[in-house]
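Colleague: I have a few questions on this model. Keep the answers short, and end each one on the thing I asked for.

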Amino acid sequence: MYTIYTDGAYSSSRKKGGCAFIILNDNNEIVAEYSKYFYKCTSNQMEMMACIIALESISEPSEILIYSDSMYVVGTYTLNWRRKANQHIWQRFDKAIAKHKKVDFKHVKGHESNEYNNRCDELAVLATQ
């Protein structure tokens, strides 16, 4: 089982987005920490890409719990929200989920006391710079 924390960011002044994730193993040890920047994107797209790239980086089919501060991502998977935009990214998201045994999502409040969510936020923001 893996636990993943994700976050996305967007800087309108730089017209640049960033996504980040941290992957923890069963022993709650960090096995991966990642961030990347993108151009021509939105904040929601960065939230999605953080999850997608994290899921794609785990090669063996696994049970995964993703913590995200994005209700756009969490609501789509836990509340069956309609996908009105970003269809090509949702397709990639579904493909990344399908390769694993089980993927669950939990919402975490952003900018609160969760050290991993705060670290992901920091990494995503740094990627926009």
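Modeller: Agreed. Keep in mind that this is a predicted model. I will begin with two helices: α2 passes α3 in a right-handed crossing.

Colleague: At what angle do α2 and α3 pack?

Modeller: Helix α3 covers residues 87–98. The axes of α2 and α3 are 13 Å apart. The packing angle is about 60°.

Colleague: Which residues make that contact, and how many of them are nonpolar, polar and charged?

Modeller: From α2 come Y72, V73, T76 and Y77. From α3 come W90, F93, D94 and I97. By class, the α2–α3 contact has 6 nonpolar, 1 polar and 1 charged residues.

Colleague: Which residue in the loop between α2 and α3 has a positive phi?

Modeller: The residue is not a glycine, although its phi is about 60°. Its relative accessible area is 15%, so it is buried. It lies in the loop between α2 and α3, and it is N86.

Colleague: K15 also has a positive phi. Is K15 buried or exposed?

Modeller: K15 sits in the loop between β1 and β2. Its phi is about 50°, and K15 is not a glycine. Exposed means over 50% relative accessible area. K15 has 59% relative accessibility, so it counts as exposed.

Colleague: Now the sheet. In what order do the 5 strands stand?

Modeller: The sheet is open, and its pairing is mixed. Neighbouring strands are turned by 20° against each other on average, direction ignored. The order is β3-β2-β1-β4-β5.

Colleague: Which strands stand at the edges?

Modeller: An edge strand here has a single partner strand, so one side of it is left without a neighbour in the sheet. That holds for two strands, residues 30–39 and residues 102–107. They are β3 and β5.

Colleague: How many bridges pair β2 with β3?

Modeller: β2 and β3 form a hairpin with 5 residues between them. In the turn, N28 has a positive phi of about 65°. G17 has F38 in β3 as its bridge partner. The pairing is antiparallel, and the number of bridges is 9.

Colleague: In what sense does β4 pair with β5, parallel or antiparallel?

Modeller: β4 spans residues 63–68. I66 of this model stands opposite F105 in β5, and E63 has K102 in β5 as its bridge partner. Over 6 bridges, the sense of the β4–β5 pairing is parallel.

Colleague: How many bridges join β1 to β4?

Modeller: β1 and β4 run parallel. Y5 has Y67 in β4 as its bridge partner. The number of bridges joining β1 to β4 is 5.

Colleague: How many residues of β4 are buried?

Modeller: Helix α1, residues 43–57, lies across β4 as well as β1, β2, β3 and β5. Helix α2, residues 71–78, lies across β4 and β5. β4 is mostly covered, and its buried residues number 5 of 6.

Colleague: At what angles do α1 run to β2 and α2 run to β5?

Modeller: Take α1 and β2 first: the angle there is about 35°. For α2 and β5, the angle is about 130°.

Colleague: Which residues does T3 touch, not counting those up to four places away in sequence?

Modeller: T3 has its place in strand β1. Its relative accessible area is 17%, so T3 is buried. With that sequence limit, T3 touches I22, I23, L24, L65 and Y67.

Colleague: How many disulfides does a search of the whole structure find?

Modeller: A disulfide needs two cysteine sulfur atoms within 2.5 Å. The sulfur of C41 is 8.9 Å from the closest cysteine sulfur, in C19, which is too far for a bond. For C120 the closest cysteine sulfur is in C51, at 9.8 Å, again too far. The number of disulfides found is 0.

Colleague: Are C41 and C120 buried or exposed?

Modeller: The cut-off for buried is under 20% relative accessible area. C41 has 10%, so it falls below that. C120 is at 0% relative accessibility. Both C41 and C120 are buried.

Note on methods:
Residues are numbered from 1 along each chain as its sequence is written. This is a predicted model: local features need pLDDT of at least 70, side-chain atom pairs count only at pLDDT 80 or more; totals for chains, interfaces and linings use all residues. Side-chain values use heavy atoms; hydrogens and water are left out. Buried means under 20% relative accessible area, exposed over 50%, partly exposed in between (1.4 Å probe, protein chains only). Two strands pair if DSSP finds at least two bridges between them. Helices (H or I, at least four residues) and strands (E, at least two) are DSSP runs, numbered from the N terminus. Axes are lines fitted to C-alpha atoms, for helices over the stretch in contact, and angles run from 0 to 180 degrees between N-to-C directions. Contact means heavy atoms within 4.5 Å. A crossing is left-handed if the near helix is turned anticlockwise from the far one by less than a right angle, and right-handed if clockwise. Ala, Val, Leu, Ile, Met, Phe, Trp, Tyr, Cys and Pro count as nonpolar, Asp, Glu, Lys and Arg as charged, and the others, Gly among them, as polar.
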